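Q: Hi! Please give me a close look at the ligand site in this model, starting with a short tour of the sheet for orientation.

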Amino acid sequence: MAQTNLKVGVTGYPLTHTISPAFQQPAFAHYGISACYRAYPVQPDDLPAFVESLRAPDWLGLNVTIPHKEAVTSLIDRCTATAATIGAVNTVFKDGDALVGDNTDAHGFLTALRADGDVDPTDARVLVLGAGGAGRAVLVALAQAGAGHITLANRHPERAQRLAQSLSTVLPAATALAPWQSPALDEAARAADIIVNCTAVGMANGPAPTKSPLGPSAFRPGQLVFDLVYTPRRTPLLHHAQDHGARVLDGLPMLVYQGAAAFERWTGKPAPLKLMKSKALAALGG
Ligand code: NAP
């Protein structure tokens, strides 16, 4: 690998706030790799030319976020099996001259669930809220990990239906849909071993920052509630869950693990996880 002025970063649009540079840059510095990780806001029309520019030798790779995760799949040379199954790419790396797309969200989710949530999803009963890009990656991860039963709910039910249909070959036979904000959803939540929020509800500066996707009666002791949102770290959902005896996990560990896996694709070196975690925490204000 050339060691001077390598380019690497994250693209999305709009890219108002991203903490990825705060924990990726120190990882490069840790190995003395002369690379600059920065945010590249790119409008959808400009994405093809931007992705093509990655072929220049000074580009190391890229993280990809909303709204480009699906569009980028047709602009690169190939996808890993996981990215192809998910149908979305969050990391582009180089294999010789080829641009390869991977999806490290699934790995980040499972690592956080196991290492920080202390739960193995194998044979578990899981409720997944949200059928956007994150919901897709989480469903594939749960299916690959052998979850026993999955219930999926989304505000716009037709999107959940389409997603379940498109993943029907990988999802467990015991996969069900539940209507958004319904008694059936609360029941599925109470029955679940693991509840995962993959919606933007509860996210600061998002569409519903003060709301929770589930009411207070949806929780019970003994279950884990995992909110992918990490700003704030304690969302209204996690407050409700904690108040009713459930264990909770926020989205920060997943963010760091998906970024760490991307770092490893770009550099071939083990990610300095402790350092990346502490820098991500500091970027969120502790
Ligand atoms: P996305 O593709 O835009 O999907 C957004 C999801 O949120 C959809 O399910 C959407 O439902 C739902 N939603 C939005 N506003 C809503 C509202 N007011 N009420 C109910 N549902 C609403 O986004 P994404 O990439 O899946 O990301 C979703 C969240 O996960 C974001 O907060 C993101 O920051 C977080 N995330 C975290 C990590 C991590 O590493 N921790 C990784 C990826 C994503 P409809 O389909 O009905 O609109």
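A: Happy to! Two strands count as paired if DSSP finds at least two bridges between them. Keep in mind that this model is predicted.

With that in hand, let's begin at the sheet. Strand β5 (residues 91-95) and strand β6 (residues 98-102) run antiparallel and are joined by five bridges. One example is F93, whose bridge partner in β6 is V100. Both strands belong to an open, six-stranded sheet with mixed pairing, ordered β2-β1-β3-β5-β6-β4. Its edges are β2 (35-41) and β4 (78-79); each has a single partner strand, so one side of each has no neighbour in the sheet.

Now to the ligand. A shell of 25 residues surrounds it, with A134, N154, R155, H156 and R159 the closest. By class, the shell holds 15 nonpolar residues, alongside seven polar and three charged ones. Domain 1 (6-103 + 253-283) and domain 2 (106-250) both contribute to this shell, so the ligand lies between them.

Some polar contacts are worth finding on your screen. The side chain of R155 places an N or O atom 2.8 Å from a ligand oxygen. Another ligand oxygen contact comes from the backbone: an N or O atom of G133 is 2.9 Å away. For a nitrogen atom of the ligand, look to L228, where a backbone N or O atom lies at 2.9 Å. On its own the ligand has 920 Å² of accessible area, and the protein covers 84% of that. The elements giving two or more residues to the shell are α5 (133-144) and α9 (252-267).

Conventions:
Residues are numbered from 1 along each chain as its sequence is written. This is a predicted model: local features need pLDDT of at least 70, side-chain atom pairs count only at pLDDT 80 or more; totals for chains, interfaces and linings use all residues. Side-chain values use heavy atoms; hydrogens and water are left out. A residue is near a molecule or strand if one of its heavy atoms lies within 4 Å of it. A polar contact is a pair of N or O atoms within 3.5 Å; within protein, one must be able to donate a hydrogen and the other to accept it, and residues adjacent in sequence count only if both atoms are side-chain atoms. Accessible areas come from the Shrake-Rupley method with a 1.4 Å probe; for residues, only the protein chains shown count as cover. Helices (H or I, at least four residues) and strands (E, at least two) are DSSP runs, numbered from the N terminus. Ala, Val, Leu, Ile, Met, Phe, Trp, Tyr, Cys and Pro count as nonpolar, Asp, Glu, Lys and Arg as charged, and the others, Gly among them, as polar. Domain bounds come from an automatic or database domain assignment.
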